[in-house]
Amino acid sequence: MDIDAWLWWLIGAAALGIALVITAMPELGMLAVGAVAAAVVSGMFGGGAVAQVAVFAVVSTALIAVVRPIASRHRAQRPQHATGVDALKGKQAVVLERVDGAGGRIKLAGEVWSARALDTGRAYEAGEEVDVVDIEGATAIVM
């Protein structure tokens, strides 16, 4: 039984896709797309072996050269939306019970938090607005 070249390229693309899923190496996905492009050249356009290999090499190399730096740049960026404790830093809160260097209570983002003053010599009275500078465990550091 003689199998056409385009089918071999699709089998190779499927194998690369499976390897991509197993290893999570995005380069394998780009090679799989190159194999699909070679299958198209073989099956639809009747390209010879040299044309198939050339298309595979060009498409795979182009994808790796273009997509990989973009993906690396996106991976290195910090998320634009802060979440969790990071989202609370810089927010304003209302003092519920006197806050000083020893402690107190504030209302922050609709929740009651224990808090203490950043400047241990400073005290904030009930009703005052304070800024959250940091969060240490379950205690907000305010000023």
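This report walks through a predicted model, starting with the helices and moving on to the strands.

**The helical part**

Let's begin near the start of the chain. The UniProt record, an unreviewed entry, puts the feature "transmembrane region" at residues 6-23 and again at residues 53-71. How much of residues 6-23 is helix in the model? The answer is 100%, with 0% strand, and the C-alpha atoms at the two ends of that span are 25 Å apart. Residues 53-71 come out as 100% helix and 0% strand too, with 26 Å between the end C-alpha atoms.

Now for how the helices sit together. Helix 1 covers residues 5-23 and helix 2 covers residues 26-43; they pack at an angle of about 170°, and their axes are 8 Å apart. An angle over 145 degrees counts as roughly antiparallel, so helix 1 is roughly antiparallel to helix 2. On the helix 1 side, the contact includes Trp6, Trp9, Leu10 and Leu16. Helix 2 brings in residues including Pro26, Leu28, Leu31 and Val36. What kinds of residues make up this contact? They split into 16 nonpolar, five polar and no charged.

Charged residues do turn up elsewhere, because the model has six salt bridges when a side-chain nitrogen of Lys or Arg within 4 Å of a carboxyl oxygen of Asp or Glu is counted. One of the pairs to look at is Glu27 with Arg68, where the closest N and O atoms are 2.8 Å apart. Glu27 belongs to helix 2 and Arg68 to helix 3 (residues 49-76), so this salt bridge ties together parts that lie 41 residues apart in sequence.

**The strand part**

Further along, the same unreviewed UniProt entry places the feature "domain: NfeD-like C-terminal" at residues 85-142. In the model, that span is 7% helix and 59% strand, and its end C-alpha atoms lie 14 Å apart.

So what do the strands build? Five of them form a closed barrel, in the order 1-2-3-5-4, with mixed pairing. From one strand to the next, the twist averages 50°. Here is how the neighbours pair up, going around the barrel.

| Strand pair | Direction | Bridges | An example of facing residues |
|---|---|---|---|
| Strand 1 and strand 2 | antiparallel | four | Val95 and Ile106 |
| Strand 2 and strand 3 | antiparallel | four | Ile106 and Trp113 |
| Strand 3 and strand 5 | parallel | four | Arg116 and Ile141 |
| Strand 5 and strand 4 | antiparallel | four | Ile135 and Ala140 |
| Strand 4 and strand 1 | antiparallel | three | Val94 and Glu129 |

To find these strands in the sequence, look for strand 1 at residues 92-100, then strand 2 at residues 103-108 and strand 3 at residues 111-117. Strand 4 takes up residues 129-136, and strand 5 is at residues 139-142.

Ile106 is a handy landmark in strand 2. It stands opposite Val95, and Ile106 also stands opposite Trp113 in strand 3. Strand 1 has partners of its own in strand 4: Val94 has Glu129 as its bridge partner there, and Gln92 stands opposite Asp131.

Two of the links between strands are hairpins. Strand 1 connects to strand 2 through two residues. Strand 4 and strand 5 also form a hairpin with two residues between them. Which residue in that second turn has a positive phi? That would be Gly137, with a phi of about 65°.

How values were computed:
Residues numbered from 1 in each chain as written. Predicted model: local features only at pLDDT ≥ 70, side-chain atom pairs only at ≥ 80, totals over all residues. Heavy atoms only, no water. UniProt positions renumbered as here; feature names shortened; annotations may be inferred. Pairing = 2+ DSSP bridges. Axes fitted to C-alpha atoms, helices over the stretch in contact; angles between N-to-C directions. Parallel < 35°, antiparallel > 145°, perpendicular 65-115°, else oblique. Contact = heavy atoms within 4.5 Å. Nonpolar A, V, L, I, M, F, W, Y, C, P; charged D, E, K, R; others polar.
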